[in-house]
Structure formats: structure tokens, C-alpha cells
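Take a look at the model below. We will walk through one chain, then the place where two chains meet, then two single residues.

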Amino acid sequence: MSEHLHTPPSAATALHIVLDEQDLTLPGPCTLAELLQQLGRAPESVATALNGQFVPRDARAQTHLNSRDQVLLFKPIVGG
Amino acid sequence: MTDLLLIDGVALSSRFFIGSAGYPSPQTLVDSLKASEAQVLTVGLKRSLQAGDNGFVAQALVHAREQGAHLLPNTAGCRSAREAIQLAHMARELYGTRWIKLEVVGDEHTLQPDPFELLAAATQLVNDGFTVFPYCTEDLILCRRLLDDAGCAVLMPWGAPIGSGQGLLHLQALRTLRQRLPEAVLIIDAGLGLPSHAAQAMELGFDAVLLNSAVSQARDPVLMAAAFRDAVRAGRSACLAGPMAPQEFAVASTPVSGHPMLLG
């Protein structure tokens, strides 16, 4: 699951990502861990996927987001 | 008599696995879980930006923690092995368990499992250290390959399509499955609507049943949870007791020989 350790964007330009299928613009370079912080999500409250690939909690800080990345956050729900 | 179900080193005294979805209120959910005395509770995952669930899952998790129930997260909604594998990894991280109810659906109308994607996902997840509970059909060859090739510890053949409440639709195939895989842990999952369906599954020798809608959609879910609890116990006892063999003709149960003839 570690093949998604993205490299940081070279310039501090705005990032246009897709978060849970909704467009989101970030002011500059951002890791997955920083994104959760900006969203006010506790690290242990969600599981993360980047471009369809699971990103473990301990890999989020090294996972840099790039424009057009698709981020999914999952949380617990009842189920059958 | 001690009659425990052993799964992945866990000894379960209840053979009734219950789902946590669709209850009319969080309190009814908790009361139903208590009445069921189930020790395995299924849960799920959803996108975090979708609307909240009004505290349902939080209540379920508190109950599980207090009662020592085991969580069984599912991969509901997955249509491919790849999706299911990714979701299983997320479930393991979120819920802190390696148990996963593996669902890979191949048909939108029946929600029938896709056997090819299911086998591929199960194989990978077992390799990744999961204890996989695959939701499958009663097809003997698929079940055998899930056990032998993928290495699943448990199989969960359907009784009928999810949420349909039709009971055991393919009775002969289920009997054959039980007979051909005598050592496998087989749990009937999905399609049960009545306690008698659950009792029937247990009488046939299945090791446990998993259901959700039959309880959550009942007019009184708490009472229905208790009814299923009792039915599962009754069916299991009947299986252990050894049912009589059916006879084609009447066989008098009262020993009349030697009785005086009152007529003639």
C-alpha cells in the first residue's frame, strides 16, 4: 500500500483535488495528514484512500497530494 | 453441555450473528442487540462527507465494547475484488479487527455474489492477514475453492437474496454443501425472514446464522431478536439431538400390541 507516497508539488500553487467526489481547492502543498487536520478530522476517526488505494494512518504524513488527486475518507457506519 | 463455535481462536457460545443496520432508533438497536445475546455484530463503512447516522454506530460500538462482542466489518457496496480489498484494509484500521465479511456483489437485482471477484479478493486478503468471512452462494465448487485455494476460515452461503426474508431457497444444495464440507464452519448469511428459517438452518447442521433485516424491520425488533435467539438455540439443540429419519408411511407411535380389542 506504500506505492502512493506522492512527491510534493514543486511550486506553492493552489491544489485542486477531489474529496469524496467533491471539488476542493487547497491553497498550497499539502499532505494527507495535513488535509485531515484542515478538515478538523481526528486521525483515527477516518480511513483514507488516495486514487482508489488505501493509505494507512502512519503513511499519511508522507503522502503529498497532487492536483486532480482523488481522496476518499471512510468512517464507521452500521451494517448488515 | 458446552457447545462452543470456534472461529479464528475465538470461542463463541452464541451462534446468532446480528447486523446493526436499519433499526428505528439507536435505543432499539441496543435493546435488540442485548436481547439477541449475539457475540458477533456486523458493521460497515461509508464516505465520511455523507450525512451522519444520528448516533447509531456509536451506540453499536459502545454495546460491543461493553458486552465483549466481536465486530465483523463488511465490504458492502463493492463490485470488484480491488474495491473490496481496499475497503477491507480500511475496515481493519478503523475497527481494529482482522475479521472481514467479504461482500463482492455481481448483480444489482439479486445482490448475488460475484464468485470470481470473491475468490480473488479472498485469496489476497487471507495473504494480507485477514480472517475472511466470504458472503457466497451455496455452489459447492466455489465454496471448496474459497476454503482450499483462498484459505478462508469460514464460509457464509446465502439463504436467499439479501433482505428478501424468503428463507432457505435452495434447500437441497445447502444440504449437499453441509454433507460435502463436514469440517467447514458454515454460516447461513442473508435472506432469513423468520425464526423458523433460522431454526431450519441450524437443524440442517449449519454452524450459525447471520441476519439483520428480519430483526430490524420487525414491528417489535427487540422481541424478534429474542425469538431468533431462541430459534437458533432450538435448531442447534435439535441438530445435536439427532432428528429422526423421515418415513414414507405412518408408523404408529403407541405400542398397541397386547391391548384388548374393544370392537368386534
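Two strands pair if DSSP finds at least two bridges between them. Keep that rule in mind for the first stop. The model is predicted.

Start at the beginning of chain A. Strand β1 of chain A covers residues 15-19, and strand β2 of chain A covers residues 22-26. These strands pair in the antiparallel sense, over five bridges. With two residues between them, β1(A) and β2(A) form a hairpin. The turn contains A:Asp20, which has a positive phi of about 45°. One position to find in the pairing is A:Val18, which stands opposite A:Asp23 in β2(A).

Now step back to the whole of chain A. This chain has one helix and five strands. From the N terminus on, the order is β-β-α-β-β-β. Chain A has 80 residues, and 44% of them are buried. Consider its contacts with a separation of 6 or more. Among these, 56% join residues 24 or more positions apart.

Next comes the meeting of the two chains. How many residues does each chain bring to the contact? Chain A gives 27 residues and chain B gives 30. The area buried between chain A and chain B is about 2,500 Å². Carbon and sulfur atoms give 59% of that area. On the side of chain A, A:Ile77, A:Val78 and A:Gly80 supply 26% of the area this chain buries against chain B. No other three residues supply more.

Polar links cross the interface too. Twelve residue pairs are in polar contact there, counting pairs with both residues at pLDDT 80 or more. Which elements of chain A give two or more residues to the side that touches chain B? They are β3 (47-50), β4 (53-55) and β5 (70-78) of chain A. The largest share, seven residues, comes from β5(A). By class, this side of chain A has 13 nonpolar, seven polar and seven charged residues.

Strand β5(A) also pairs with a strand of the other chain. Its partner is strand β4 of chain B, residues 40-47. The two run in the antiparallel sense over five bridges. Within this pairing, A:Phe74 has B:Arg47 in β4(B) as its bridge partner. B:Arg47 also forms a salt bridge with A:Glu21. The closest N and O atoms of that pair are 3.4 Å apart. The count between chain A and chain B is two salt bridges.

Turn now to chain B and a residue in helix α1 of that chain, residues 26-36. B:Ser36 is found there. Is B:Ser36 buried or exposed? It counts as buried, because its relative accessibility is 1% and the cut-off for buried is under 20%. The side chain of B:Ser36 reaches the backbone nitrogen of B:Ala38 at 3.0 Å. Not counting residues up to four places away in sequence, B:Ser36 touches B:Phe16, B:Ile18, B:Ala225 and B:Arg229.

The last stop is B:Leu61, in helix α2 of chain B, residues 56-67. B:Leu61 counts as partly exposed, because its relative accessibility is 22%. Leaving aside neighbours within four places in sequence, B:Leu61 is in contact with B:Leu71 and B:Tyr95. Look for B:Leu41 as well. B:Leu61 and B:Leu41 are 20 residues apart along the chain, and their C-alpha atoms are separated by 9.2 Å.

Terms used. Residues numbered from 1 in each chain as written. Chains lettered and ligands numbered in written order. Predicted model: local features only at pLDDT ≥ 70, side-chain atom pairs only at ≥ 80, totals over all residues. Heavy atoms only, no water. Contact = heavy atoms within 4.5 Å. Buried area = accessible area lost by both parts, 1.4 Å probe. Salt bridge = Lys/Arg side-chain N within 4 Å of Asp/Glu carboxyl O. Polar contact = N/O pair within 3.5 Å; in protein donor to acceptor, adjacent residues only side chain to side chain. Helix = DSSP H or I, 4+ residues; strand = E, 2+ residues; numbered from the N terminus. Nonpolar A, V, L, I, M, F, W, Y, C, P; charged D, E, K, R; others polar. Buried < 20%, exposed > 50% of the residue type's maximum accessible area, 1.4 Å probe, protein only.
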